[in-house]
Amino acid sequence: MWFDLAVALAAVLAGTVASVAGFGIGSVLTPLLSLELGTKLAVAAVSIPHVVGTAVRFWMLRGHIDRRIFFWFGLTSAAGGLTGALLHADASSRTLGILLGGLLLFVGIYELSGVMERVHLGRRAAWVAGAVSGAFGGLVGNQGGIRSAALLAFEGDKETFVATATAVGLIVDGARMPVYLATQWTELRAAWPLIAIATAGVVAGTLAGRRVLSFVPEPVFRRLVSVLLLALGAWLIVHG
């Protein structure tokens with residue numbers, strides 16, 4: 001009962017953070033569910049509330065998507081997500097978590113220092129960043145952080161940032177989820193009560209977060225994303 005309540009509250013928080021920063025569902029829920037399900041199954045289980053929350057967020061922000069960045073980033077993200085999901089069973093989550101954490105800390109520090117404001121990615125760099133973020137999503141369920149880190153190098157307002165990150169995330173989910181369902185269906189079916197609680201909480205948080213985003217000033221938005229990237233990076237390095 002207490003664990004179910006913790007999952008519900010964490011899911012609401014995750015959905016709210018994701019609506020503001022473009023990432024956070026997998027980052028918040030995967031470590032928590034891994035306490036009950038183990039890391040491998042937790043990654044697969046969280047993909048279900050993740051795709052539902054991402055779809056809701058996509059619908060609310062669909063008019064703000066930067067189609068150019070979405071095309072560059074989305075295609076390779078889908079390929080990376082599929083590849084990562086296929087390698088998921090053999091991956092060392094601890095090693096990958098430390099590597100991803102280091103990358104997020106690097107980007108967060110550079111953004112807060114103002115260096116990232118002078119960095120502008122082109123098409124080829126976006127392809128590479130998309131593939132890497134998608135692969136991490138398939139492997140450890142944390143593609144959102146590195147995707148948002150890469151998207152900081154593109155120009156756009158806060159709605160465009162979150163909407164484009166969301167659209168790419170939906171593509172990655174579509175690529176990786178069939179693999180999880182095919183390889184871990186029995187285990188996922190047994191975990192359906194926790195998955196249902198997490199999904200309901202994420203949807204509630206997503207709806208609330210959309211209103212929060214509208215009140216965040218543009219100058220504060222990028223710094224807020226940077227702080228969240230730093231927090232996620234530190235967490236991944238310490239806990240993997």
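## Overall fold

Reading along the sequence, you meet the pattern α-α-α-α-α-α-α-α-α-α. That makes 10 helices and zero strands. Please keep in mind as you look around that this is a predicted model.

The protein has 240 residues, and 52% of them count as buried. Its contacts reach far along the chain: of those between residues at least 6 apart in sequence, 86% link residues at least 24 apart. The accessible surface amounts to about 10,500 Å², with carbon and sulfur atoms making up 70% of that area.

## The nonpolar cores

Turning inward, the largest nonpolar core contains 31 residues. If you would like to find it in the viewer, good places to start are Phe73, Leu104, Leu151, Phe161, Phe221, Val225 and Leu229, the residues with the most contacts inside this core. Two or more core residues come from each of helix 1 (2-21), helix 4 (67-87), helix 6 (123-140), helix 7 (143-151), helix 8 (158-190) and helix 10 (218-239). Helix 8 provides the largest share, with seven residues.

There is also another core, apart from the largest one, and it has 14 residues. Ala14, Leu32, Val46 and Val202 are among them.

## A buried leucine: Leu61

Leu61 belongs to helix 3, which covers residues 39-61. The relative accessible area of Leu61 is 1%, so this residue is buried; the cut-off for that label is under 20%.

Which residues does Leu61 touch, once its neighbours within four places in sequence are set aside? They are Glu159, Val162, Ala163 and Arg210. Take Glu159 as an example: 98 residues separate it from Leu61 in sequence, yet the C-alpha to C-alpha distance between the two is 7.2 Å.

## An exposed leucine: Leu9

Now for a leucine on the outside. Leu9 sits in helix 1. This residue counts as exposed because its relative accessibility is 56%, and the label applies over 50%.

Leu9 also takes part in a nonpolar patch on the surface, together with Trp2 and Leu5. The three residues have about 390 Å² of accessible area together.

## Putting it together

To recap, the model is built from 10 helices and no strands, with a largest nonpolar core of 31 residues and another core of 14 lying apart from it. The two leucines make a handy pair to compare on screen: Leu61 is buried, whereas Leu9 is exposed.

Key. Residues numbered from 1 in each chain as written. Predicted model: local features only at pLDDT ≥ 70, side-chain atom pairs only at ≥ 80, totals over all residues. Heavy atoms only, no water. Helix = DSSP H or I, 4+ residues; strand = E, 2+ residues; numbered from the N terminus. Buried < 20%, exposed > 50% of the residue type's maximum accessible area, 1.4 Å probe, protein only. Contact = heavy atoms within 4.5 Å. Areas by Shrake-Rupley, 256 points an atom, 1.4 Å probe, with all protein chains shown as cover. Core = buried A, V, L, I, M, F, W, Y, C linked by side-chain atoms within 4.5 Å. Patch = residues over 30% accessible without salt bridge, like charges linked within 9 Å, V, L, I, M, F, W, Y side chains within 5 Å. Salt bridge = Lys/Arg side-chain N within 4 Å of Asp/Glu carboxyl O.
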